[in-house]
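Subject: Structure handover

Hi there,

Here is the structure I promised to pass on to you. Have a look at it first, and then read on for my notes.

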Amino acid sequence: MKIAIIGIGTVGSAVATAVKNTGFVHEIVLFDRDGVRARAAAEDLGHAASFGFDVKISAVSNYRGIRGSDIVIIAAGANQKPGETRMDLLNKNAEVIKDIIPRVMSNVDAKKVKIIILTNPLDVMVMLATKLSKLPSGRVIGTGTMLDTARLRTILARQLDVSTQSINAYVLGEHGDSSVVDWTSATVGAVALDDFCKQMKISLPATTRNTIEHRVRNAAYEIIRGRGATWDGIGAAAADLLRCLINDEHRILTVSSVSGAGNEMVAMSLPRIVGANGVVATLKPKLSATESAGLRRSGKVIRKNYDTIS
């Protein structure tokens with residue numbers, strides 16, 4: 001399995017490390033316009049690989065070097081800075097994707113390649129990459145709200161004093177400020193969240209849930225404020241998605257992929273079954289009327305922003 005990572009900044013480097021540590025990849029190609037940076041990253045990661053899985057790691061600054069890649073991960077683009085929202089990156093990163101996708105498609109096998117998008121604002125970039133690549137929508141996948149969902153589960157686990165592995169709860173819609181927490185479908189083990197709270201005599205009122213939603217939506221801003229950027233979480237999410245694709249796991253992930261047609265076409269995160277062929281099915285979660293309305297609003301936000309750059 002050969003993987004290419006486009007853009008070896010903070011996020012791209014974290015993704016490369018996480019991907020290398022899966023043990024499922026035999027070759028990783030690091031592409032960056034800054035050849036010195038790409039070569040330095042490849043050297044460093046190559047040294048690290050000697051302590052773990054045997055992975056061939058190379059650096060290129062010409063797109064010909066990604067030929068033969070089964071999966072291309074795009075981490076290029078301007079990073080979110082303190083005080084910025086993901087949408088502040090819209091026009092800058094749209095130009096980045098417009099430049100990258102045609103070059104990628106000229107050097108990969110369009111019949112089998114899958115593209116993973118990490119560039120923000122993610123859902124809009126997924127829509128743009130799908131249009132430019134002309135690939136089936138199921139093979140252009142954004143990590144979407146995988147990380148938002150992980151944040152939700154982590155916060156809930158601490159609140160409820162259980163393992164994150166026991167919590168099944170999703171963040172849906174935009175990977176951004178209009179995301180929606182699906183409280184209606186949330187379970188702990190096989191028990192509905194509300195029933196679990198009753199059994200364990202735990203209070204989880206609307207005010208607490210609102211606070212949790214705020215913390216989930218603002219987690220990235222808090223990390224950026226204290227650390228300058230986020231990278232470990234998205235690196236782990238990208239590696240998890242990659243693992244699901246490589247192993248044909250048919251696991252349910254909240255990834256972003258284009259669905260609909262015409263003016264109704266939009267990319268957003270929903271529970272989707274992901275396997276070797278990419279997104280193979282999309283599930284319709286149970287939502288309250290308020291959550292359904294929020295999800296529709298989120299889709300409109302994404303579509304409106306896409307229309308400004310398409």
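How much space lies in the largest cavity? About 320 Å³. Before the details, please keep in mind that this is a predicted model, in which local features need pLDDT of at least 70 and side-chain atom pairs count only at pLDDT 80 or more, while totals for chains, interfaces and linings use all residues. Residues are numbered from 1 along each chain as its sequence is written, and side-chain values use heavy atoms, with hydrogens and water left out.

**Cavity and pockets**

A search of the whole structure turns up 1 cavity of 30 Å³ or more. The search runs on a 1 Å grid over the protein atoms alone: a cavity is a set of points where a 1.4 Å probe fits but cannot get out, a pocket is an open set with protein on both sides within 12 Å along at least five of seven lines, and lining residues have an atom within 4 Å of a point. Grid points are joined across faces, edges and corners, and a volume is the space filled by probe spheres set on the points.

The lining of the largest cavity has 24 residues, and Val11, Asn79, Leu118, Asn120 and Thr230 lie nearest its centre. Helices H5 (146–160) and H7 (206–227) each supply at least two residues of that lining; helices here are DSSP runs of H or I with at least four residues, strands are runs of E with at least two, and both are numbered from the N terminus. By class, the cavity lining has 12 nonpolar, 10 polar and 2 charged residues (Ala, Val, Leu, Ile, Met, Phe, Trp, Tyr, Cys and Pro count as nonpolar, Asp, Glu, Lys and Arg as charged, and the others, Gly among them, as polar).

The largest pocket holds about 520 Å³ of space. Its lining has 21 residues, with Met146, Ala150, Arg153, Asp240 and Arg251 nearest the centre. Two or more lining residues come from each of H5, S7, H8 and strand S12 (251–259). That lining divides into 10 nonpolar, 7 polar and 4 charged residues.

The second largest pocket has a volume of about 330 Å³. Among its 20 lining residues, Gly7, Asp32, Arg33, Ala76 and Gly77 are the closest to its centre. Helix H1 (10–20) and H3 are the elements that give two or more residues to this lining.

**Two helices**

Helix H8 (residues 232–246) has 15 residues, which should span 21 Å at 1.5 Å a residue, and its end C-alpha atoms are indeed 21 Å apart (the expected span is 1.5 Å times one less than the number of residues). Its buried residues include Ile234, Asp240 and Leu245, where buried means under 20% relative accessible area, exposed over 50% and partly exposed in between, with a 1.4 Å probe and protein chains only. Asp240 thus appears both in this buried set and by the centre of the largest pocket.

Helix H9 (residues 289–309) reaches 31 Å from its first C-alpha to its last, close to the 30 Å expected for its 21 residues. Glu291, Arg303 and Tyr306 are among its buried residues.

**Strands**

All four residues of strand S5 (residues 114–117) are buried: Lys114 and Ile116 point one way, Ile115 and Ile117 the other. S5 pairs in the parallel sense with strand S4 (residues 71–74) over 4 bridges and with strand S6 (residues 140–142) over 3 bridges; a pair needs at least two DSSP bridges. Isoleucine 115 stands opposite valine 72 of S4 and valine 140 of S6.

**Backbone points to check**

Most residues other than glycine have a negative phi, and most peptide bonds are trans. The bond from asparagine 120 to proline 121 is cis, with omega near -5 degrees, and proline 121 lies in the loop between S5 and H4. Lysine 134 has a positive phi of about 60 degrees and counts as exposed at 75% relative accessibility. Histidine 250, in the loop between H8 and S12, has phi near 55 degrees and is partly exposed at 44%.

Best wishes
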